[in-house]
Amino acid sequence: MENLLTLKHLNKSYQIGTEQLQVLFDINLEVHAGDFIALLGPSGSGKSTLMNIIGCMDTADSGEYFLHDKAIHLADDTQMTKIRNQEIGFIFQKYQLISQYTVLQNVIMPLLIRGIPRKEAVKLAAEKLEMLGMADRLNHKPNELSGGQQQRVSIARALVGQPSILLADEPTGALDSKTGEEVLNLFQELNDMGNSIIMITHDPKVGQKAKRIVKIIDGRLYLE
Ligand code: ADP
Ligand code: MG
């Protein structure tokens, strides 16, 4: 399988006052195109920190990160912003939709940032929203939707730019168990369609839905 991303010997610390707190230790991971990985670990184990690094929102202190064959650890801020917009689709526990915007306006945003003309952006966004069962909610505001519907909108926003990888941080964490199950089934369908996914969770039951579980404990990865 095609290698999508490779992490080699990543370390990450946060500076708190005069103290250095190391939160990731010698992280090594290979992700292939078509993978569906659950990154499973307890609260405070470093999951979000690692997702932020993979998502080009933060950088490691040392080590190497290759996405396709781009050396992300050598990229500057401008390159990181571009990679984040073009290569990564983010899905968050609390959806992080813009509350003043309609569903459609939220989903076209990543395309407008890329410079895609509005008309084309609207067409692509409407297609994704239709695929996710949200075609009749295009002009609603997020607070007029259920949690499950808001998460579908955020999934549409993550998918609309055809990113290389979807990164989902506790995507079912704010949902009731039935709606959470529906969202997980949706991830499985998206993976079957060829989307590569890394899903973060503290819940082993949620992790079971993935093809592969990678455990993280106290900032260290354990591959199964
Ligand atoms: P998880 O997502 O697994 O709950 P995080 O990656 O959010 O874990 O956090 C890992 C550790 O790093 C925790 O001890 C947390 O307190 C610490 N941490 C996270 N972000 C920061 C930050 N911006 N500054 C200082 N410490 C942080
Ligand atoms: Mg977290």
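Seven salt bridges are found in a search of the whole structure, which is a predicted model. Side chains of opposite charge can pair when their charged atoms come close. Three of the pairs are described here, among them Arg212 with Asp35, Lys123 with Glu127 and Lys178 with Glu182.

In the pair formed by Arg212 and Asp35, the closest N and O atoms are 3.1 Å apart. Arg212 belongs to strand β9 (residues 212–217), whereas Asp35 is located in the loop between β2 (19–32) and β3 (36–40); the salt bridge therefore ties together parts that lie 177 residues apart in sequence. The two partners were also assessed for accessibility. Asp35 has a relative accessible area of 7% and is buried, while Arg212, at 25% relative accessibility, is partly exposed.

Two further salt bridges lie within helices. In helix α4 (residues 118–131), Lys123 and Glu127 are four residues apart, which means that about one helical turn separates them. Their closest N and O atoms are 3.5 Å apart. Lys123 is exposed, with a relative accessible area of 52%, and Glu127 is partly exposed, at 41%.

Helix α6 (residues 177–192) contains Lys178 and Glu182, again four residues apart and so separated by about one helical turn. A distance of 3.2 Å lies between the closest N and O atoms of this salt bridge. Lys178 is exposed, at 60% relative accessibility, and Glu182 is partly exposed, at 33%.

Conventions:
Residues are numbered from 1 along each chain as its sequence is written. Chains are lettered from A and ligands numbered from 1 in the order in which they are written. This is a predicted model: local features need pLDDT of at least 70, side-chain atom pairs count only at pLDDT 80 or more; totals for chains, interfaces and linings use all residues. Side-chain values use heavy atoms; hydrogens and water are left out. A salt bridge is a side-chain nitrogen of Lys or Arg within 4 Å of a carboxyl oxygen of Asp or Glu. Helices (H or I, at least four residues) and strands (E, at least two) are DSSP runs, numbered from the N terminus. Buried means under 20% relative accessible area, exposed over 50%, partly exposed in between (1.4 Å probe, protein chains only).
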